[in-house]
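Let's walk through this structure together, starting with one residue and its surroundings and working outwards. Keep the viewer open as you read.

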Amino acid sequence: MKADEAKKLADNALDTLAAALKAGKSDSLTAYLAAMGRFHEYSWGNVMLIVSQKPDATRVAGFNTWKTLGRFVKKGEKGIVIIAPMLIKPKESAANDDEARLLRFKAVYVFDVSQTDGEPLAEFSHVAGDPAGYTDRLKALVAAQGIKLEYSAYLAGAKGRSHGGRIELLSDMPPAEEFSVLAHELAHEMLHRGERRSETSKTVRETEAEAVAFVVCQAIGLDTGTHAADYIQLYDGDTATLAQSLEFVQKTAADIIAAVAAEEPLAEAA
């Protein structure tokens, strides 16, 4: 594909994305955020405890939290032990003497979503469709950039990671999602692994990477739905953030589209 054709595709897709961001949070994102607000953030120590007991855990919560989400722990399921802080008051302290409270820790049990049944959790919007041979073309572009691509069965809740010269993807994702995540992480590699990284916030970086992925997915005919706008808004991005980054997003997306849709084979970096 010629550069001017790729640029035109990028411009049209970015107009669509800007309109979606201007419309505000989708119903699916609102429901997702409401559900996620019920979950606690766990310390690094507790994350290690969870992984050591149930390596395939993806979303854990206590018995009562699952009940508030319309789910129940299946009979016979074994809880995952974590450590929870608690404040106790010595018996000799005055009833209203908050300063006398002591910090102690106790073992409590949480359960992974796979150990529960009931109402489905609100889900984040997904990219759908068939990327066909475009995934191989995108992988070839990654290799041509001198970037190593690896797969992992567990990425601590993430679907992809950019490490500067190395991309990790979660194993066994649906084809469309794999393509989208790879495009997102490649955008990070192309945009945020040099001097510019220190000049941008996480909101800007995630907005740019997801906008690039959205444009590339649109160009090959994938159904992106509200995924890109939802993702960007999850990181507090909006139309203003996108507008500030349009030049970077447009060029990077157009470069990827031109390469992925090119007829000639890509030369791998030495």
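A residue counts as buried when its relative accessible area is under 20%, and as exposed when that value is over 50%. Please keep in mind that the model is predicted.

With that cut-off in hand, begin at Arg 196. Its relative accessibility is 16%, and because buried means under 20%, Arg 196 counts as buried. You will find Arg 196 in the loop between α6 (175–191) and α7 (202–219). Which side chain does the side chain of Arg 196 make a polar contact with? The partner is Glu 208, at 2.4 Å. Glu 208 also appears among the residues that Arg 196 touches, once residues up to four places away in sequence are set aside; the others are Leu 191, Val 204, Ser 245 and Phe 248.

From here, move on to α7 itself. This helix has 18 residues, and at 1.5 Å a residue they should span 26 Å; the C-alpha atoms at its ends are 26 Å apart, so the expected span and the model agree. How many of the 18 residues of α7 are buried? The count is 14, so α7 is largely enclosed by the rest of the structure. After α7 comes Gly 221, with a positive phi near 90°.

A little further along, in the loop between α7 and α8, sits Thr 224. Thr 224 has a relative accessible area of 5%, so this residue is buried. Leaving out neighbours within four places in sequence, Thr 224 is in contact with Phe 214, Cys 217 and Gln 218, and also with Ser 125, His 126 and Val 127.

That last name gives us the next stop. Val 127 lies in the loop between β5 (116–118) and α5 (134–144). Is Val 127 buried or exposed? At 8% relative accessibility, Val 127 counts as buried. Its contacts, again without neighbours within four places in sequence, include Thr 224. The remaining partners of Val 127 are Ala 176, Glu 177, Ser 180, Cys 217, Leu 222, Asp 223 and His 227. For a sense of distance, try Ser 162: that residue is 35 residues from Val 127 along the chain, and their C-alpha atoms are separated by 20 Å.

His 227, one of the contacts of Val 127, leads us into helix α8, which covers residues 227–234. Seven of the eight residues of α8 are buried, so this helix too is largely enclosed by the rest of the structure. Those buried residues are His 227, Ala 228, Ala 229, Asp 230, Tyr 231, Ile 232 and Gln 233.

Just after α8, Asp 236 has a positive phi of about 70°, although Asp 236 is not a glycine. Asp 236 belongs to the loop between α8 and α9 (239–244). With 62% relative accessibility, Asp 236 counts as exposed. Asp 172 makes a useful companion to look at: this residue is not a glycine either, and its phi is positive, about 60°. Asp 172 is placed in the loop between β8 (166–170) and α6, and at 79% relative accessibility it counts as exposed.

For one more buried position, turn to Val 142 in helix α5. The relative accessibility of Val 142 is 1%, so Val 142 counts as buried. Apart from residues up to four places away in sequence, Val 142 touches Ile 147, Leu 149, Leu 182 and Leu 186. Val 142 and Ile 220 are 78 residues apart in sequence, and their C-alpha atoms are 17 Å apart in space.

Now zoom out to the protein as a whole. The protein has 10 helices and eight strands, and its C-alpha trace spans about 80 × 40 × 35 Å along the principal axes. Of its 270 residues, 41% count as buried. Among contacts with a sequence separation of 6 or more, 70% are between residues 24 or more positions apart. The exposed area is about 14900 Å², and carbon and sulfur atoms supply 52% of that area. Finally, the protein has 30 positive and 39 negative charges, and the mean positions of these two sets are 8 Å apart.

Note on methods: Residues are numbered from 1 along each chain as its sequence is written. Side-chain values use heavy atoms; hydrogens and water are left out. Helices (H or I, at least four residues) and strands (E, at least two) are DSSP runs, numbered from the N terminus. Buried means under 20% relative accessible area, exposed over 50%, partly exposed in between (1.4 Å probe, protein chains only). A polar contact is a pair of N or O atoms within 3.5 Å; within protein, one must be able to donate a hydrogen and the other to accept it, and residues adjacent in sequence count only if both atoms are side-chain atoms. Contact means heavy atoms within 4.5 Å. The expected span of a helix is 1.5 Å times one less than its number of residues. Accessible areas come from the Shrake-Rupley method with a 1.4 Å probe; for residues, only the protein chains shown count as cover. Lys and Arg count as positive and Asp and Glu as negative; His and the chain ends are not counted. The place of a charge is taken as NZ of Lys, CZ of Arg, CG of Asp or CD of Glu.
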